[in-house]
Amino acid sequence: MITGIGTINPLGHNVEEYFAALEGGVCGVDFIKGFDASNNKTKFAAEIKNYNPEDYFERKEARKLDAFTQYALIAADEAIRDARLEECELNKNRVGVIWGAGIGGINAISEELSSYCKSESGMPRFSPFLVLKMLPNMAAGHISLKYGYKGPSFSTVSACSSSTHSIVSAVDQIRLGRADVVVTGGSEGAVSVVGIGSFNSMMALSTRNDDPKTASRPYDKSRDGFVMGEGGGAVVIEELEHALARGAKIYGEIVGCGVSSDAYHVTAPEPEGEGAAYCMTMALEDAGIAPESIDYINTHGTSTPLGDIAELKGIAKVFGDHIYKMNISSTKSMTGHLLGAAGAIEVLAALLAVTRDVVPPTINIEELDPAIDPRINLTRDVAQHRTVEYALSNTFGFGGQNSTVIIKKYRAE
């Protein structure tokens, strides 16, 4: 069961701001303000607006934390408060923290290397905090340290699938009886000179510098790459009887999980969507439901020429004609692509649909790619209201690593 939620991302500093922006079709992309991007091929990103670490951390503490760990602590804190975990007696030996990050402390290592390269002495002097700032597992470590959670604690690293894999792992720990509660999700803080520059070198990012707000355009004929975002998302996963015993509010139930690998290419998806289809099929079988039960799919939908089409082909393989009866959307059109944190905030978007019967839109489709069947409801431009009993969220990463979760509307018996 999901009993707590939290986020900080390009659309808001908390869940309510995020949900309102999703429903309103707000775009979080703009020209980069966090560093001088004038020499970059891509000069825009989906940054967190008006972010000041000192609003959340003491200055001394903030200096010891990379951005991705800061975002993790902020999102996790909101989710933990929302779940009211600190207000009840918990066996903290049975509370875990499983957190995803695709890259980890890229800002920390790039800043330290930059200082070293500029040093006239040539002495290899680095911050004693560098290792602790750059390790991807440190987000989980800091959350568990802050709250004293002594259950399973580790990090999942599978590129853009990282945080969905962390949620799947959290569900597994509870099903196996190894934990009663797991704080899970993911974070990423890669909007930096190195982050933008390296993805530019791969030709993975959009270079629509003349109109950044329309650059993230999944399914559009003229899409030219993804837009990088930053932030974090958290969910508290809890065993049902444990949640009921303490009177927790329940947002929804994660009923199905699927994981697979394309085993095809390091960066390109398997073109017919075979790996994606298998992943979704596994999640449906795990949930014990037919494909026709799904009302909404939040797609990986990065706005890349190959990825968008491959995923839709995979969906068509699994759902057949039901693809025309579902709502499908890519919220990356608004948030950009948060890399390892993408799955976490998109599970929250799926939860919005399940809890409030609101399907967030895909914005920026000006001319549909002719390879896409126009009968598919991509929820263009504006949110749509419909009853959503089951929502599915897909996340796929470099290396061909795929993950899917299915959320069911919770109805108290």
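Biologist: What makes you say that helix α7 is mostly covered?

Modeller: In this predicted model, 12 of the 14 residues of α7 are buried, where buried means under 20% relative accessible area. Among the buried residues of α7 are Ser162, Ser163, Thr164, His165, Ile167, Val168 and Ile174.

Biologist: How do you know that the length of α7 agrees with what should be expected of a helix with 14 residues?

Modeller: At 1.5 Å a residue, the 14 residues of α7, numbered 162–175, should span 20 Å, and the end C-alpha atoms of the helix are 20 Å apart, so the two values agree. The helix is followed by glycine 177, which has a positive phi near 80°.

Biologist: Why is arginine 175, in helix α7, called partly exposed?

Modeller: The class of partly exposed residues lies between the 20% limit for buried and the 50% limit for exposed, and arginine 175 has a relative accessibility of 45%, so it counts as partly exposed.

Biologist: Which residues does arginine 175 contact, leaving aside its neighbours within four places in sequence?

Modeller: Arginine 175 is in contact with Ile254, Val255, Gly256 and Asp286. With valine 255 there is also a meeting of polar atoms, as the backbone oxygen of valine 255 lies 3.4 Å from a polar atom of the arginine 175 side chain, and that value falls within the 3.5 Å allowed for a polar contact. Arginine 175 and glutamate 239 are 64 residues apart in sequence, while their C-alpha atoms are 8.1 Å apart in space.

Biologist: Why is the meeting of lysine 249 and aspartate 82 called a salt bridge?

Modeller: A salt bridge needs a side-chain nitrogen of Lys or Arg within 4 Å of a carboxyl oxygen of Asp or Glu, and the side chains of lysine 249 and aspartate 82 meet with 2.8 Å from N to O, so the pair satisfies the rule. Lysine 249 lies in the loop between α9 and β8, and aspartate 82 lies in helix α3, so the bridge ties together parts that are 167 residues apart in sequence.

Biologist: Which of the words buried and partly exposed belongs to lysine 249, and which to aspartate 82?

Modeller: Lysine 249 has a relative accessible area of 44% and is therefore partly exposed, whereas aspartate 82, at 18%, counts as buried.

Biologist: What makes arginine 223 and aspartate 369 a salt bridge?

Modeller: Their closest N and O atoms are 2.8 Å apart, against a limit of 4 Å. The pair links distant parts of the chain, 146 residues apart, with arginine 223 in the loop between α8 and β7 and aspartate 369 in the loop between β11 and β12. Arginine 223 is buried, with a relative accessible area of 6%, and aspartate 369 is buried as well, at 12%.

Biologist: Which residue in the loop between α8 and β7 touches Glu367, Leu368, Asp369 and Pro370?

Modeller: Lysine 221, found in that loop, touches those four residues, not counting residues up to four places away in sequence.

Biologist: With which residue does glutamate 238 form a salt bridge, and why is glutamate 238 called buried?

Modeller: Glutamate 238 is paired with arginine 246, the closest N and O atoms being 2.7 Å apart, and glutamate 238 counts as buried because its relative accessibility is 1%. The structure holds 22 salt bridges, and Asp77, Arg81 and Lys146 are linked in a network of such bridges.

Biologist: What makes the phi of leucine 339 worth a remark?

Modeller: Most residues other than glycine have a negative phi. Leucine 339 is not a glycine, and yet it has a positive phi of about 50°; this residue lies in the loop between α12 and α13 and is buried, with a relative accessible area of 3%. Arginine 84 has a positive phi too, of about 60°, and is found in the loop between α3 and β4.

Biologist: How do you know whether the chain, with its 13 helices and 14 strands, is as compact as a globular protein of that length?

Modeller: The radius of gyration is 20 Å, close to the 22 Å that the globule rule gives for 413 residues, so the chain is as compact as a globular protein of that length. Of those 413 residues, 60% count as buried, and the C-alpha trace spans about 65 × 55 × 40 Å along its principal axes.

Note on methods: Residues are numbered from 1 along each chain as its sequence is written. This is a predicted model: local features need pLDDT of at least 70, side-chain atom pairs count only at pLDDT 80 or more; totals for chains, interfaces and linings use all residues. Side-chain values use heavy atoms; hydrogens and water are left out. Helices (H or I, at least four residues) and strands (E, at least two) are DSSP runs, numbered from the N terminus. The expected span of a helix is 1.5 Å times one less than its number of residues. Buried means under 20% relative accessible area, exposed over 50%, partly exposed in between (1.4 Å probe, protein chains only). Contact means heavy atoms within 4.5 Å. A polar contact is a pair of N or O atoms within 3.5 Å; within protein, one must be able to donate a hydrogen and the other to accept it, and residues adjacent in sequence count only if both atoms are side-chain atoms. The radius of gyration is taken over C-alpha atoms; the globule rule is 2.2 Å times the number of residues to the power 0.38.
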